[in-house]
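Me: I should like to learn how cysteine pairs and helix packing are read from a model. May we work through an example together?

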Amino acid sequence: MPGIARRLRLSPRAAGGADGSLDDLVAASASGNTAAFEQLYDATAPRVLGLVVRVLQDRAQSEEVTQEVYLEAWRTADRFDAARGNAVTWLLTLAHGRAVDRVRSAAAARTREEKAGIRDQNVPYDEVSEQVETRMEHEQLRRCLTSLSDVQRESLQLAYFGGRTYPEVAAELDVPLGTIKTRMRDGLIRLRDCLGGPA
Amino acid sequence: MTTHLEFDDETLAAYALHALPAPEHAAATAHLDACARCRAEVDGFVRAAAAMAADVAPVQPSPQLRRSVLDAVSRTSQQTRAAAAAPVRSAPGQSRSGRSSWSWSFSPLAAAAAVLLVAVVGLGSTVLGQQRELEIVTAQAARIERLLADPDRRTVDGPVRSGGTATALVAQGEAVVVGRNLAGLPADRAYQVWVVDDGAVRSGGLLPAGERGALVDDVAGAEQLMLSVEPAQGSQQPTTSPIWSVRI
């Protein structure tokens, strides 16, 4: 059965070890080790805050949401399971969910910038300051995104960065609901397969 | 299985992107806790979705944020199974991933079932062996599956006054209440579900921490479900004003 055969594991890092040690920091945090949690925060906060800012646009609110993310990470560290996904994935997922929820709750009070979710941020992407690993991930993602069709990429980006629900994406693009869901799934499958699964 | 028709990979992909509307999200959350096959599928989508964040420039947090986070952490208790429950004898060969099959947090998309495990043991009842815990959880998972598969299932959701939203999935006289992005509570407080039935208010159980759900018995004929913040061990009647209520 394909679903069971496809066991999800950490994608191996060429540099080796760094992601493994972040997973260990979460595990240590789970037993109350605040020094480990501090290290986890320092290693991951720029990426977490970066994602939240990208979705929320508002720096101050983004820091509030980021605080909530780390508090939740601290409270629920015991439930982190590295076999299902690494620490960075876990944190970015927490962050994305909270950012999207905040966007939706503010949507009624705020005019949505139509394409804000897709267009590049005005925050310059400082390639020089990137860690080697995050640069590799960045390049890999860029490469994998080119393997998606334009409409797949568009629906993924509207949903992921724009915080839209799939019915909202369908309405904005004037495309049937089923078509949007198919594009999202197909795009995500291509991305998943391009990024690589089990070693 | 009828249930799986609802939770096809398109739904799981949208779930991983946080692109499901609240009621569908709550239903999927509850289902994932009971379905290992869907968890495996969604894990791959989650990994791909999170990889999209690699396209985003990191942003250096302010020193205030760091101080604020670390300060809050030093004052915040953690939800560990050991803290929530009386000590449980671990069975030989019980792997960590086996134990977390119903408890992995993927917040805000975290699994919803099995809350009663925490509540039951937290009431100071006799120490349960892991096998008994597994039986309880499996039985709850089955009840949740039946609830989700019911074509007459209704969902109602609404904002929680202190932050976040909560959704009730109601069928067959039972309900699952799932919170999403609820405000964190101090270690000595918990969200408690209340059932309003013919004007009388009774407890529907506690919401566990971390975006999980409560399975509420016996809501046939009840008019309303509510949430309030109570002491962590729960109250007989609400001691604070409800922060969420829905008509069911």
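Reply: A disulfide is a pair of cysteine sulfur atoms within 2.5 Å. Please keep in mind that this model is predicted.

Me: How many disulfides does the structure hold over all chains?

Reply: There is one over all chains. It is formed by A:Cys144 and A:Cys194, whose sulfur atoms are 1.9 Å apart. The two cysteines link distant parts of the chain, 50 residues apart: A:Cys144 lies in helix 6 (residues 132-145) of chain A and A:Cys194 in helix 9 (residues 177-195) of chain A.

Me: Is the disulfide of A:Cys144 and A:Cys194 left-handed or right-handed?

Reply: The torsion about the S-S bond is about -75°, so this disulfide is left-handed.

Me: Is A:Cys144 buried or exposed, and how does A:Cys194 count?

Reply: Buried means under 20% relative accessible area, and exposed means over 50%. A:Cys144 has a relative accessible area of 0% and is therefore buried. Its partner A:Cys194 has 26% relative accessibility, so A:Cys194 counts as partly exposed.

Me: Why do B:Cys35 and B:Cys38 not form a bond?

Reply: The criterion is again the separation of the sulfur atoms, with a cut-off of 2.5 Å. The sulfur of B:Cys38 has its closest cysteine sulfur in B:Cys35, at 3.3 Å, which is too far for a bond. B:Cys35 is accordingly in no disulfide. With relative accessible areas of 6% for B:Cys35 and 3% for B:Cys38, both residues count as buried.

Me: What is the wider setting in chain B, in terms of secondary structure and buried residues?

Reply: Chain B comprises nine helices and eight strands. Of its 248 residues, 54% are buried. The accessible surface of chain B is about 9,900 Å², and carbon and sulfur atoms account for 54% of that area. Among contacts in chain B between residues at least 6 apart in sequence, 65% join residues at least 24 apart.

Me: Returning to chain A, at what angle do helix 7 and helix 9 of chain A pack?

Reply: Angles of 65 to 115 degrees count as roughly perpendicular. Helix 7 (residues 150-160) of chain A packs against helix 9 of chain A at about 95°, with the axes 8 Å apart. The two helices are therefore roughly perpendicular to each other.

Me: Which residues make the contact between these helices?

Reply: Helix 7 of chain A contributes A:Val151, A:Gln152, A:Ser155, A:Leu156 and A:Ala159. From helix 9 of chain A, the participants include A:Ile180, A:Met184, A:Leu188 and A:Leu191, together with A:Arg183 and A:Asp186. The residues of this contact divide into seven nonpolar, three polar and three charged.

Definitions and conventions:
Residues are numbered from 1 along each chain as its sequence is written. Chains are lettered from A and ligands numbered from 1 in the order in which they are written. This is a predicted model: local features need pLDDT of at least 70, side-chain atom pairs count only at pLDDT 80 or more; totals for chains, interfaces and linings use all residues. Side-chain values use heavy atoms; hydrogens and water are left out. Helices (H or I, at least four residues) and strands (E, at least two) are DSSP runs, numbered from the N terminus. Buried means under 20% relative accessible area, exposed over 50%, partly exposed in between (1.4 Å probe, protein chains only). Contact means heavy atoms within 4.5 Å. Accessible areas come from the Shrake-Rupley method with a 1.4 Å probe; for residues, only the protein chains shown count as cover. Axes are lines fitted to C-alpha atoms, for helices over the stretch in contact, and angles run from 0 to 180 degrees between N-to-C directions. Angles under 35 degrees count as roughly parallel, over 145 as roughly antiparallel, 65 to 115 as roughly perpendicular and the rest as oblique. Ala, Val, Leu, Ile, Met, Phe, Trp, Tyr, Cys and Pro count as nonpolar, Asp, Glu, Lys and Arg as charged, and the others, Gly among them, as polar.
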